[in-house]
Amino acid sequence: MKNKIRTVTYFICFSILSGIFLPSYSEYDYHITASLSNFNKYITYTKVPRGLVLSVDSSIFFEQNDDEIKESSKEFLDQIGEFIKLTDKPCVIEGNAKLNNNEDYTNWEISIARAQKIAEYLITVHQLSPQKIRAIGFGSMMPETLTQRIDFVILNYESGAGL
């Protein structure tokens, strides 16, 4: 059973990240309705001990030095919301920012504000349980190649529940 879960999970992740449409599976009652091919260059994912990390360049969601979600990114957020709903796992949204010359926000403040706005959107639009969504801001304390990013961390991704 674990191998079947793993296979389906990896297929869904691969399909989402590569922009392939998934057929509807009656077992999971799920269908991805839009391709993410426009976003592929902005997405990376990593399997870590705490779960699956989907990292997205924050320029998809926000203008430089701003914390308002772009209207153009909502289709992409909707895909992520459906994926989170499908997994039925808790998700931590982690904001990471290293801004240049911003007098309105510190790196930490804008990373928190951005993560919170995305969490609020997913909870409101996709009726995700507020107990399963958390928003955290790290500012520039979690450096990686992509310093301006939003990480969606699906906790305990392969532990058997959900998918």
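The dialogue below goes through the sheet, the core, the helix packing and some loop residues of a predicted model.

Colleague: What kind of model is this, and which residues count?

Modeller: The model is predicted, so local features need pLDDT of at least 70 and side-chain atom pairs count only at pLDDT 80 or more, while totals for chains, interfaces and linings use all residues. Residues are numbered from 1 along each chain as its sequence is written, and side-chain values use heavy atoms, with hydrogens and water left out.

Colleague: How are the strands ordered in the sheet?

Modeller: First the terms. Helices (H or I, at least four residues) and strands (E, at least two) are DSSP runs, numbered from the N terminus. Two strands pair if DSSP finds at least two bridges between them. Here five strands form an open sheet in the order E1-E2-E5-E3-E4, and the pairing is mixed. E1 (43-48) and E4 (133-137) stand at the edges with a single partner strand each, so one side of each has no neighbour in the sheet. On average, neighbouring strands are turned by 20° against each other, direction ignored.

Colleague: Which strand pairs are antiparallel, and which residues stand opposite each other?

Modeller: E1 and E2 pair in the antiparallel sense over six bridges, and Lys47 stands opposite Leu52 in E2. Strand E2 (residues 51-57) is antiparallel to E5, with seven bridges; Val53 has Val153 in E5 as its bridge partner. Strand E3 (residues 91-96) also runs antiparallel to E5, joined by six bridges. On that side, Ile93 stands opposite Phe152 and Glu94 opposite Asp151.

Colleague: Which way do E3 and E4 run, parallel or antiparallel?

Modeller: E3 and E4 run parallel, joined by five bridges. Ile93 stands opposite Ala135 in E4.

Colleague: How many residues of E3 and of E5 are buried?

Modeller: Burial is read from relative accessible area: buried means under 20%, exposed over 50%, and partly exposed in between (1.4 Å probe, protein chains only). In E3, six of six residues are buried. Both of its faces are covered, with Cys91, Ile93 and Gly95 on one side and Val92, Glu94 and Asn96 on the other. In E5 (residues 149-155), six of seven residues are buried.

Colleague: Which residues touch the most other members of the largest nonpolar core?

Modeller: In soluble globular proteins, nonpolar side chains tend to be buried together. A nonpolar core is a set of buried Ala, Val, Leu, Ile, Met, Phe, Trp, Tyr and Cys residues joined through side-chain atoms within 4.5 Å. The largest one here has 26 residues, of which Phe61, Ile84, Ile93, Ile118, Leu122 and Phe152 touch the most other members. At least two residues of this core come from each of E2, helix H2 (74-87), E3, helix H3 (107-126) and E5.

Colleague: What is Phe152 in contact with?

Modeller: Contact means heavy atoms within 4.5 Å. Leaving aside neighbours within four places in sequence, the contacts of Phe152 include Leu52, Val53, Leu54 and Val56, also Phe61, Leu77 and Ile80, and further Cys91, Val92, Ile93, Ile118 and Leu122.

Colleague: At what angle do H2 and H3 pack?

Modeller: Two packed helices are described by the angle between their axes and the distance between the axes. Axes are lines fitted to C-alpha atoms, for helices over the stretch in contact, and angles run from 0 to 180 degrees between N-to-C directions. H2 and H3 pack at about 70°, with axes 10 Å apart. The two helices are therefore roughly perpendicular; the classes are under 35 degrees for roughly parallel, over 145 for roughly antiparallel, 65 to 115 for roughly perpendicular, and oblique for the rest. Residues of H2 that meet H3 include Leu77, Gly81 and Ile84, and those of H3 include Ile118, Leu122 and Val125.

Colleague: Which strands does H3 lie across?

Modeller: H3 lies across E3, E4 and E5, running at about 165° to E4.

Colleague: Which loop residues have a positive phi although they are not glycine?

Modeller: Asn65 has a phi of about 60°, and Gln127 one of about 50°. Asn65 lies in the loop between E2 and H2 and is partly exposed, at 26% relative accessible area. Gln127 lies in the loop between H3 and E4 and is exposed, at 61%.

Colleague: Is Ser58 buried or exposed?

Modeller: Ser58 is buried, with a relative accessible area of 4%. Ser58 is found in the loop between E2 and H2 and touches Arg114, Gln148, Arg149 and Ile150, not counting residues up to four places away in sequence.
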